[in-house]
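Student: I'd like a close look at one part of this protein, please. Could you walk me through the packing there?

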Amino acid sequence: MKTKLAVGLIVLALASSALALGDISIGPYYGMNIPIVNEEIKSGGMFGIQAKFAPISFLAAGLHFQSRNYGDPSAELFYGSDTKDGGKLQSFGMDAYLGKTSGIGPNFYLMASIGSYKWTRDNMEDISKTAYAFGPGVEIVLPINLGIEGRGMFEVVPTGDKGSWKSFMWFIGLNYHIGLGAM
Amino acid sequence: MKRYFMILGFAAIAALTVSGCLLTIQKTLIEDINIGNTTNNNVARYWVDLYTNEDYADNFDKIKSVDVVSFVAKIYNLGTSANKAELYVSADTIPVNIDSIQARATRVFVSPSIAAGDSALITWNESHKYIQNEDVLKDFVLNRGRFWVYGIADSTPFSHRIIAQMVVTITAGK
């Protein structure tokens, strides 16, 4: 009896592991980007699409596209209060995840990403930079292959001369899981 | 697992702190540029001393980069013909006449054409369209802090009244 129970538990564990392998997920997200100590831009909305691939349980890789709107900065000038265009930003990037990103239930992970960043503003030259972000996230994957994800990120964009632009970002997203991991 | 996350998080923050990335801020400075009345026979200039600007004085030794410089301005064309107002900058004291200014100073601003008797307001959002040689301006802000600004026009005769401010965004920190 004990042997059958042990074998049964081992088979169950192996099956669970197998089900957690090879998960692919894709989905949109929406959130906010909040510049930190930056008088050149204000907070704005963020929309993105991401894809994740988890070949093994605790490692995953992904790609993302983000589109952000910055709020307009304001200043008191000699003719009164004025604003200028905060601009729009688009970013393509690669993500790496340490932690659990697949499997039914709550999955916690730490993410780091690198992205190519293009900032466009009225009457000004476009600015292209490399952006780095990291932060924790959680995704609750439902048995219907859908996951609801929330993530907070700290982004640093080095500007040269040891300076940088920094932002805090958060989003809530919905992912569709394809593969064994979410089944 | 939680311990690994914390170690990784602290390692990332430590790396960014060591590289200086976390300790910088973006600050917008506003400096009056009161050129006033300027004509082809009596060119006006204004001495900019950013060290008297509280925000600059607090940060000048911590400036990592000068990110954006522009001029907002209200320009009155008091003359009899349409022309464009121009601002030049020079770190050296040079003769205050049009030829010397055009030869020895750097043009950093050209307004749109303003009809005789008319005026133009260059707002903050528009101001970037009219900036020239921004790298020179950035260098003056970053490395000098004190310089002359001259007000002339693209054609003579001219008679302008120029009220302006220089708006500068810097990245500063330890």
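Which residues does B:Phe71 touch, not counting residues up to four places away in sequence?

Tutor: Happy to help. This is a predicted model, in which local features need pLDDT of at least 70 and side-chain atom pairs count only at pLDDT 80 or more, while totals for chains, interfaces and linings use all residues. Residues are numbered from 1 along each chain as its sequence is written, chains are lettered from A in the order in which they are written, and side-chain values use heavy atoms, leaving out hydrogens and water.

Leaving aside residues up to four places away in sequence, B:Phe71 touches B:Ile33, B:Leu87, B:Val108, B:Phe109, B:Ile122, B:Ser127, B:Ile131, B:Leu137, B:Gln165 and B:Met166. Contact here means heavy atoms within 4.5 Å.

B:Phe71 also belongs to the largest nonpolar core, which has 34 residues; B:Phe71 and B:Met166 touch the most other members. Such a core is a set of buried Ala, Val, Leu, Ile, Met, Phe, Trp, Tyr and Cys residues joined through side-chain atoms within 4.5 Å, where buried means under 20% relative accessible area (1.4 Å probe, protein chains only). A second, separate core of eleven residues includes B:Val43, B:Ile98, B:Ile101 and B:Ile152. In soluble globular proteins, nonpolar side chains tend to be buried together.

Chain B also meets chain A: 37 residues of chain B are in contact with 37 residues of chain A. Between them, the chains bury about 3000 Å², 65% of it on carbon and sulfur atoms; this buried area is the accessible area (1.4 Å probe) that two parts lose on being put together, summed over both.

How values were computed. Buried means under 20% relative accessible area, exposed over 50%, partly exposed in between (1.4 Å probe, protein chains only).
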